[in-house]
Amino acid sequence: MSKEVLSSENKTLKEIGINSDQVNWNLSPQVLHQICLDKGLAKEASSGALAINTGEFTGRSPKDRFIVKDDLTKDTVWWGPINKPFDKDKFDDLYTKVANNLSTKEIYVRDVAACADPRYRMNIRVISELPWVSLFVNNMFLRLSEKELENFDAEWTILHSPSYMAIADQDGTRQHNFAVLSFSRKTILIGGTGYTGEVKKGIFSALNFVLPTQKDTLPMHCSANVGEDGETAIFFGLSGTGKTTLSADPKRKLIGDDEHGWTKDNTIFNFEGGCYAKAIDLSADKEPEIFNAIKKGALLENIVMKEGTNEVDFEDVSITQNTRVSYPIDHIENIQVPSVAGTPKNIFFLTADAFGVLPPISKLTPGQAAYHFISGYTAKVAGTEAGVNEPEPSFSACFGAPFMPLHPTKYAEMLSKKMQDANVTVWLVNTGWTGGAYGTGSRMKLKYTRAMITSAMNGKLKDVEFAEHPVFKLAVPTTCENVPSEVLRPRETWADKAQYDIKAKELAQAFHDNFKKFEEYANDVIMGGAPA
């Protein structure tokens, strides 16, 4: 870029309080890659991908995420332990401190966009002191042409400064790290943490407020793909349930792996321009599309190399179980361009049931679909979090409560209406355990899950016989192509049938206990979708 352009851009930064004399604007991935190596911030893996360590935090810190409470948000945000209020004046003071800290650093500015449907496009400027964060942002959001960059006007701005450590009693935070959103200022402050997921999920949280309240569009924590016939499938699910894996289907075009919008005219569009996949136990045999996407331009997080080599040991979780890789979506061969498609025909709710209770696939009624969407069930297993020694039920409303500023029933009402208007079939898919709970049974084979989803999408489950699950009242197919019939009936896979009955009732009770906080907002149809 010319000195004149740079001078103009740096002036823009000064207008928002940043006065660094070392500003790098929209550097190419190749240049950022080399800077990271030259500064000793990363290593290059044998695949050509860049490998970095995010430092103290290797995952998001939901307890340290806040939303500014002001005239715009005070009566719309669902305040509580997920959406914690932050004082407006404290935000203004914290903004100044973060901006001043960035002003003392060499910084990297990246201009990108979210929302593949141009009608909903959101321009975003991310300012960070870390070059690999700029690479992550380039991977994960929509990359813009030179012409688009020339006329770029940021709607939202993220100030990302891991080296700024907040002082809780002065700054209004819980501890030294924080992620604070101001919807009025359209600004996100992130400090004290180098974990890149805070940047990605900050924008997701913003869209989860803006789209339903201002654009009549449903935001969804889901992956999506589309078949040759143009039929779209959506996969809701929490981390570790298979959203990225199951949507990366070589026979279908990937729309996106994590965040989408469903418009009022029934268009599905990707928020992002890349994928952020779990890397734990990754292999070319199990997940070839993702494995092959790890090449030059991809960013590996918190992985470990095999001793004496630059080959990644995907089984090594000594840093964290939450090892990750980000890459531009075009690292996947079979993608939808642009990342937009039509009305979905099938929706899959993915759950990794570590209790081995839920059927591997079942068809939901509208009431059950709303109930399970609001519940957002999966399970934590031993080792995933400190103190978790036995499987624990985990509920996250709308399969994404940490990122949902509005009350969960708002999203559920929108989804229910859209599902009924579009006549969508909704399926609950258990990618978790079979033959017993975690520690006794085994994880459901990916080939079986793929076979069941394929049969659901191509209509082969339409005319098979279904049986009702005695506890969860789900319609379970008795046969499915390429899947042993006993696998479809979880009770039959347990050696101790009486123990299965006990666990099924325990899990049903966990659903009931969790749903108590939603009962006053739920109608009879939704309550009718509850377990027995």
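These are my notebook entries on sheets, a core, a helix pair and some single residues.

**Setup**

I am working on a predicted model, where local features need pLDDT of at least 70, side-chain atom pairs count only at pLDDT 80 or more, and totals for chains, interfaces and linings use all residues. Residues are numbered from 1 along each chain as its sequence is written, and side-chain values use heavy atoms, with hydrogens and water left out.

**Entry 1: the eight-strand sheet**

I took helices (H or I, at least four residues) and strands (E, at least two) as DSSP runs, numbered from the N terminus. I counted two strands as paired if DSSP finds at least two bridges between them. I then traced an open sheet of eight strands in the order S1-S6-S7-S8-S10-S9-S4-S5. Its pairing is mixed. The edges are strand S1 (23–25) and strand S5 (84–86). Each has a single partner strand, so one side of each is left without a neighbour in the sheet. I also looked up the twist: neighbouring strands are turned by 25° against each other on average, direction ignored. For such angles, axes are lines fitted to C-alpha atoms, for helices over the stretch in contact, and angles run from 0 to 180 degrees between N-to-C directions.

Inside this sheet I checked one pair. Strand S8 (residues 156–161) and strand S10 (residues 187–191) run parallel and are joined by five bridges. Ile158 has Ile188 in S10 as its bridge partner.

**Entry 2: the five-strand sheet**

I found another open sheet, of five strands, ordered S2-S3-S17-S20-S16. The pairing is again mixed. Strand S2 (43–44) and strand S16 (274–278) stand at the edges. One side of each is without a neighbour in the sheet, because each has a single partner strand. S16 pairs with strand S20 (residues 324–328) in the antiparallel sense, over five bridges. I noted Val325 in S20 as the bridge partner of Ala277.

I followed the chain past S20. Pro338 sits in the loop between S20 and strand S21 (340–341). The peptide bond from Val337 to Pro338 is cis, with omega near -10°.

**Entry 3: the largest nonpolar core**

I used this rule for a core: buried Ala, Val, Leu, Ile, Met, Phe, Trp, Tyr and Cys residues joined through side-chain atoms within 4.5 Å. Buried means under 20% relative accessible area, exposed over 50%, and partly exposed in between (1.4 Å probe, protein chains only). The largest core holds 106 residues. Phe236, Trp262, Ile347 and Phe349 touch the most other members. Helix H7 (residues 197–214) gives the largest share, eight residues.

**Entry 4: H10 against H11**

I looked at helix H10 (residues 366–375) and helix H11 (residues 408–422). Their axes come within 10 Å and cross at roughly 150°. The two helices are therefore roughly antiparallel. The classes I used are under 35 degrees for roughly parallel, over 145 for roughly antiparallel, 65 to 115 for roughly perpendicular, and oblique for the rest. H10 passes H11 in a right-handed crossing; that is, the near helix is turned clockwise from the far one by less than a right angle, while anticlockwise would be left-handed.

I listed the contact residues, with contact as heavy atoms within 4.5 Å. H10 brings Pro366, Ala369, Ala370, Phe373 and Ile374. H11 brings Thr409, Tyr411, Ala412, Leu415, Ser416, Met419 and Gln420. Nine of the 10 residues of H10 are buried, so H10 is largely enclosed by the rest of the structure. Tyr371 and His372 are among the buried ones. Just after H10, Gly376 takes a positive phi of about 60°.

**Entry 5: positive phi outside glycine**

I noted Asn266, with a positive phi of about 65° although it is not a glycine. Its loop runs between strand S14 (259–262) and strand S15 (268–270). Asn266 is partly exposed, at 23% relative accessible area.

I noted Cys398 too, not a glycine, with a positive phi of about 65°. Cys398 lies in the loop between strand S25 (392–395) and H11. Cys398 is buried, at 1%.

**Entry 6: Met305 and Val471**

Met305 is in strand S18 (residues 304–305) and is buried, at 18%. Leaving out residues up to four places away in sequence, Met305 touches Lys43, Glu44, Ala45, Ala51, Asn310, Glu311, Val312 and Asp313.

Val471 is in the loop between strand S29 (466–468) and strand S30 (475–477). Val471 is buried, at 14%. With the same residues left out, Val471 touches Ala504, Ala508, Pro531 and Ala532.
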